[in-house]
Amino acid sequence: MGPDRQLRPATQSDVAREVGVSRTLVSFAFRDTPGVSDETKQAIFDAAKRLGYRPNAAAADLARKHRSAVGLYLMDIHNEVYADILSGVRMALPQARNRLILSVSRSVDGVDPGAVESLIEARVGIIIAATLLDSDERVRELAKIVPIVSVARPVAGVDSVYSDDEAGARAATEHLLSLGHTRIAHLAGPDYDGHTVRQRSYEKTMRDAGLVPWTVPAHDFTQDAGQRAAAELLESADRPTAIFTHNDQFALGAREAAYARGLAIPGDLSLVGYDNSRTGRLHGIDLTSVDLHAMQLGSTAGAVAMERLNDPDAPMADKRLTPELVVRNSTAPAK
């Protein structure tokens, strides 16, 4: 090994000299192009390992005029549901062929155009977005630049993988109604395209039961926002006996607000979340929550992304999963 090799990464030319073949043959071996014998391939791979050579996937994409990398946008890395989506996506991608490039919103409310644009600039072949807060029109505009798989939110004209939020919110509200609660409040998220289905379903279910909906919007999707919104509810003279929240983060915030005021859960206040997060499942929290099957959302989205890369002209996917209400100890009959 010459002194120059100690200062720079190994190249295909280095591997070619080591084996005694052309650089083109080395390139063919790593691209699995027909015409390279198994014996020669093995010699090339062995030499590459000795020299520490790693193929440049981006350069290979340029050579093939095909983008194989998959971009994954996550709205909030602090929310466990997105970690589960990431795990599902990774299970669905064939690791030998596809790179996964991650971009996470830097904004509290998830509106961060730079996070998606960074994936476009990285020349990914497709973006799995969980979850965009842009308007439907803006999502469709982005999809004209790079194909998008929208996760946890259906967008017409774009591959979409999502849970049936209408059914999930209805099940949560009906559960509280079945326990005899009538003063049921809903902590809703901010009003963005595609993110008000749970609120509308709760309100319809309440009206169908002859009750007046009680919706309080939070300023973002974090636990702190949920705690602040719940504090306002619990300070009211005729406070709710039950709260259904847009996500588990809100429910955990509401739980803190309740305990800060000496209220017991579920004795004084029943709580239902949405996501079925790991934290909500912990002993002592035992949060009743709607399971949107986040890991399955991720794996399904990964499979849809692979199908789109393989067939750009395929019909748009519309994959709707059925959520499940998981009843635990945070809900009890109304007093």
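This is a guided tour of a predicted model, moving from a six-stranded sheet to an aromatic pair, a helix beside that sheet and one buried residue elsewhere.

Begin by selecting the six strands of the open sheet, which run in the order β7-β6-β8-β9-β10-β12 with mixed pairing. At the edges stand β7 (214–217) and β12 (324–326), and because each has a single partner strand, one side of each is left without a neighbour in the sheet. Looking across the sheet, you will find a twist that averages 20° from one strand to the next.

Next, restrict the selection to strand β8 (residues 242–245) and strand β9 (residues 270–274), which pair in the parallel sense over three bridges. Within this pairing, F244 stands opposite V272 in β9. Now add helix α11 (residues 248–260), which packs on the sheet and touches β6 (184–188), β8, β9 and β10 (288–291), while its direction makes about 155° with that of β9.

Keep F244 selected and display its side chain together with that of Y274. The model has two aromatic pairs, and one of them is formed by F244 and Y274, a tilted arrangement with 6.4 Å centre to centre and 45° between the planes. Since F244 lies in strand β8 and Y274 in strand β9, the pair ties together parts that are 30 residues apart in sequence. Are these two residues, F244 and Y274, buried or exposed? Both F244 and Y274 are buried.

From the ring of Y274, step to R198, whose charged end sits over that ring, 3.8 Å from its centre. R198 is also one of the buried residues of helix α9, which include S201, Y202, E203, T205 and M206 as well. Select the whole of α9 (residues 197–208): at 1.5 Å a residue its twelve residues should span 16 Å, and the end C-alpha atoms are 16 Å apart, which agrees. The buried residues of α9 pack against α8 (165–178) and against the strands β6, β7, β8 and β9. Just after α9, select G210, which takes a positive phi of about 80°.

Finally, move to I148, found in strand β4 (residues 148–151). I148 counts as buried because its relative accessibility is 3%, against a cut-off of under 20%. Which residues should be displayed around I148, leaving aside its neighbours within four places in sequence? I148 is in contact with I126, I127, A129, L132, V139, L142, A143, V158 and D159. For a sense of scale, measure from I148 to A258: they are 110 residues apart in sequence and 40 Å apart in space, C-alpha to C-alpha.

Conventions: Residues are numbered from 1 along each chain as its sequence is written. This is a predicted model: local features need pLDDT of at least 70, side-chain atom pairs count only at pLDDT 80 or more; totals for chains, interfaces and linings use all residues. Side-chain values use heavy atoms; hydrogens and water are left out. Helices (H or I, at least four residues) and strands (E, at least two) are DSSP runs, numbered from the N terminus. Buried means under 20% relative accessible area, exposed over 50%, partly exposed in between (1.4 Å probe, protein chains only). Contact means heavy atoms within 4.5 Å. Two strands pair if DSSP finds at least two bridges between them. Axes are lines fitted to C-alpha atoms, for helices over the stretch in contact, and angles run from 0 to 180 degrees between N-to-C directions. The expected span of a helix is 1.5 Å times one less than its number of residues. Rings of Phe, Tyr and Trp (its six-membered ring) pair if their centres lie within 6.5 Å; planes under 30 degrees apart count as stacked, over 60 as edge-to-face and the rest as tilted. A charge sits over a ring if NZ of Lys or CZ of Arg is within 6 Å of the ring centre and within 35 degrees of the ring normal.
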